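User: Hi! I have a structure open and would love to talk it through with you. Could you start me off with the terms we'll need?

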Amino acid sequence: MPILTKDEAQALLKKVLSYSKADECEVNLSGTDSANIRYARNSVSTSGKVSQSQLVVSSAYGKKSGVATINEFDDASLEKVVRRSEELAQLAPENPEYVSFLGPQKYAESKTYVKATADITPRLRSDLVAQSLEVAKAGKAIAAGFLEDNSGFTAMMNSKGLFAYNTATNTNFSVTVRTEDGRGSGYATRGYNDVTKLDTKKATQIATEKALKSAEAKAIEPGKYTVILEPAAVAVLLENVFFRLDARQADEGRSFLSKAGGGTRQGEKLVDERVNIYSDPLNPDLPTSTWNGDGRPQEKVSWIEKGVIKNLSYSRYWAEKKGVKAVPGPDGAIMEGGTKSLEELIAGTKKGVLVTRLWYIRDVDPQSLLLTGLTRDGTFYIENGKIQYPIKNFRFNESPIIMLNNLEELGKVERTVSVESNQNYLLPPLKVRDFTFSSLSDAV
Amino acid sequence: MGMGYEYINHRPQNKIVGGGGVNLYKGRYDMLEDAKAGGAQAGEKLKAKTVEPGKYDLILDPSHLWLTIHESVGHPTELDRVLGYEANFAGTSFLTLDKWESKKFKFGSDIVNFVGDKTQVGSLGAVGYDDEGVGCGQWDIIKNGVLVNYQTIRDQAHILGLKASQGCCYADNWSSVQFQRMPNVSLQPGKEKKSVDDLIKGVEKGIYIIGDGSFSIDQQRYNFQFGGQLFYEIKNGKIVGMLRDVAYQANSQEFWNSCVGIADASDYRLGGAFGDGKGQPPQSNSVSHGSSTARFNGVNVINTARNIG
């Protein structure tokens, strides 16, 4: 442990299942190496590496199920965790929504593992952070940032013959650079499966430039503005759409996809026809696992096509009840974009606000998907195609559904990271009219 | 074995009746009674009047106010945030050291007193010793409206001239680095005898809010927005019906300076969170915030209703 090969994982899982006496048994196994360096006030504050493994055993008698976990792998421990899950299953009340485990499935080979990331050394990690710190110090600014990398495997097997295995790597980087007087602040974030694509120096240069340029912020009146949202800002808004594609929530009236009077809005055109959102586990720029946690294959799925809600995700229980295919929710989401760079979007804007990043996003009303949050770390006023001056931060109250109806332009797609969920996405910068800023914030 | 809830025994003496006849609970509560009431309240809310945006006097129940305290008092008084150690994620704080040094920074009105307390009985953050082995206790953070202290660990105590840490060091796991985490931070009850009804009686145009809802605050803890669960309209000292689509926005300092009334200790209750997030990689902390019902004058209320077609 923690990284087992496919054969090693299979052998261990078979052994666990051999102890089972329940009607059904399913076992999930995972192991991860995670390392990070955290820095603030222009120096490293903490760093470390954690190796962890976990075995999750689910046993069922009829519709009664129990789950137990363990991180010891000797034979006695493996038998103990199986017995514990069986004991809990016998004690549990019947679950009326219990669905029998899946049988064998076919999965495509994933592209989520990159050896260079799994092989990161403490030296490389510290060099990447040192490059970031050098840029901030050269700009007479103060950096705080976080670099983390993970490599690991997941595997599952059940008593019906299903077996799945995957390995994955990822590295996420974020940096906030502030001026020495605390009056300016800038931000950049990057995420990749492949660490060789990560340029901490370039990202910190962008954050430093934003910090230095944002120091003399002027207050402008809150109201409706044309905004250019950088991909990091788009991510935290649109992931609230991605996370809420669930059919049951819609059927039960708890979602923006609920139809008044009952049913869902699947098949309805809800947003601008230029909006195309899909997930594809085999996309080379955003590869994700080809199976999900309950063993269902992850395939390419169109969620919004030409503004129309094409698919909703289903739990296996809800799909069985509704008599439809149990499509799992997306692991990574991709929005199609245009050809323009961020600079070109700015150049084509008569009056507007450039938003680097949004922060503390919370839903206010799940039925309209109204969200609130604030701009942060680089908010600028645009006039006649140029950034004119930095402006004070705003609180917004806006629904991404209304926003996607007020779409002006889509820029070039890039991989970005959500500061809220740490998820990676492929998203374009968006130019949107009538974005609602409801109050000013004094925060820098 | 049953479903589990059968084993939760309520205590009738823990039940109190809030403004508008809403059942509220101290300590143990009656889950089935609360669930039935929730269904009826949801039905009432569907038919409720949508709020007219504007300035209102707010009467905030402890089941709501704990979250406002958490975000606008608990987080900005974390000394590591003030110093810049959380700048990349959670942010920094408007309660900078010069404000503390002045000994006259008016965080709130004269009746506003906050204490940090790691030992409060019944709270989610109660421990005898922190993760550095420091014995825990209680201390003033805001006294008579003035910022007088922060939350510290051993590394930081000397910055404030303290002889010892306040015992606020915590790691959520064997694999996490211990760092400064929020203790229970609570608003002290009013010293004069005052009930919730007494607070409501004095309000001409207001809203009484019960339960927590949507919450968001900026990275230096100036500008916040909070929703809630139940919103009752107050006109000329009386509750006249339910409202919907309510959220309020304010600046932390202005909000706490608008606090004009706090019910007495008989109304004091705790609310809290099991999963307060902070740090990179993120760590979780459990913490409670106590208060009695309190009144805030002239707070900006917005209407959150939208039509998505």
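Analyst: Happy to. Helices and strands here are DSSP runs, with at least four residues for a helix and at least two for a strand, numbered from the N terminus. Please keep in mind that this is a predicted model.

User: Good. Where does B:Pro281 sit?

Analyst: B:Pro281 lies in the loop between strand 18 (269-278) and strand 19 (283-291) of chain B. The peptide bond leading into it from B:Gln280 is cis, with omega near -5°.

User: Nice. Which value does phi of A:Asn42 take?

Analyst: Phi of A:Asn42 is near 65°, which is positive in a residue other than glycine. A:Asn42 belongs to the loop between strand 1 and strand 2 of chain A. It counts as partly exposed because it has 16 C-beta neighbours inside 10 Å.

User: And A:Tyr360, what's its phi?

Analyst: A:Tyr360 also isn't a glycine, and its phi is positive, about 55°. This residue is in strand 12 of chain A. A:Tyr360 has 23 C-beta neighbours inside 10 Å, so it counts as buried.

User: Switching to how the chains meet: how many residues does each of chain A and chain B put into the contact?

Analyst: Chain A puts in 46 residues and chain B 28 residues. On the side of chain A that touches chain B, strand 12 (residues 351-365) gives the most, with six residues. That side of chain A has 19 nonpolar, 17 polar and ten charged residues.

User: Let's look at helix 1 of chain A. Which of its residues are buried?

Analyst: They are A:Ala9, A:Leu13 and A:Val16. These buried residues are on the same side of helix 1 of chain A because they cover an arc of only 55° around the axis. The face turned away from that buried side carries the exposed residues A:Asp7, A:Ala11, A:Lys14 and A:Ser18.

User: Why would residues three or four places apart point the same way?

Analyst: An α-helix has 3.6 residues a turn, so residues with that spacing point the same way.

User: What covers the buried residues of that helix 1 of chain A?

Analyst: The cover includes strand 1 (24-40), strand 2 (43-61), helix 2 (75-91), strand 4 (141-158) and strand 5 (163-179) of chain A. As for its span, helix 1 (residues 6-18) of chain A has 13 residues and reaches 18 Å from first C-alpha to last, close to the 18 Å expected at 1.5 Å a residue.

User: Now the largest nonpolar core. Which residues touch the most other members?

Analyst: B:Leu58 and B:Ile207 do, in a core of 158 residues. Helix 6 (residues 231-242) of chain A gives the most to this core, with nine residues. Apart from it lies another core, of 22 residues, including A:Val16 and A:Leu29.

User: What does B:Leu58 touch?

Analyst: Leaving out residues up to four places away in sequence, B:Leu58 touches B:Gly206, B:Ile207, B:Ile209, B:Tyr248, B:Phe296 and B:Val299.

User: One more residue: is B:Leu199 buried or exposed?

Analyst: B:Leu199 is buried, as 27 other C-beta atoms lie within 10 Å. You'll find B:Leu199 in helix 6 (residues 196-201) of chain B. Beyond its neighbours within four places in sequence, its contacts include B:Ile59, B:Gly261 and B:Thr293.

User: Last one: how is chain B divided into domains?

Analyst: Chain B has domain 1 (1-47) and domain 2 (48-303). Their centres, taken over C-alpha atoms, are 25 Å apart. Ten residues from domain 1 of chain B and 15 residues from domain 2 of chain B take part in the contact.

Note on methods:
Residues numbered from 1 in each chain as written. Chains lettered and ligands numbered in written order. Predicted model: local features only at pLDDT ≥ 70, side-chain atom pairs only at ≥ 80, totals over all residues. Domains from an automatic or database assignment. Contact = placed C-beta atoms within 7 Å. Expected span 1.5 Å × (residues − 1). Buried ≥ 20, exposed ≤ 12 C-beta atoms within 10 Å, placed from the backbone. Arc of directions from axis to C-beta. Nonpolar A, V, L, I, M, F, W, Y, C, P; charged D, E, K, R; others polar. Core = buried A, V, L, I, M, F, W, Y, C linked by C-beta atoms within 7 Å.
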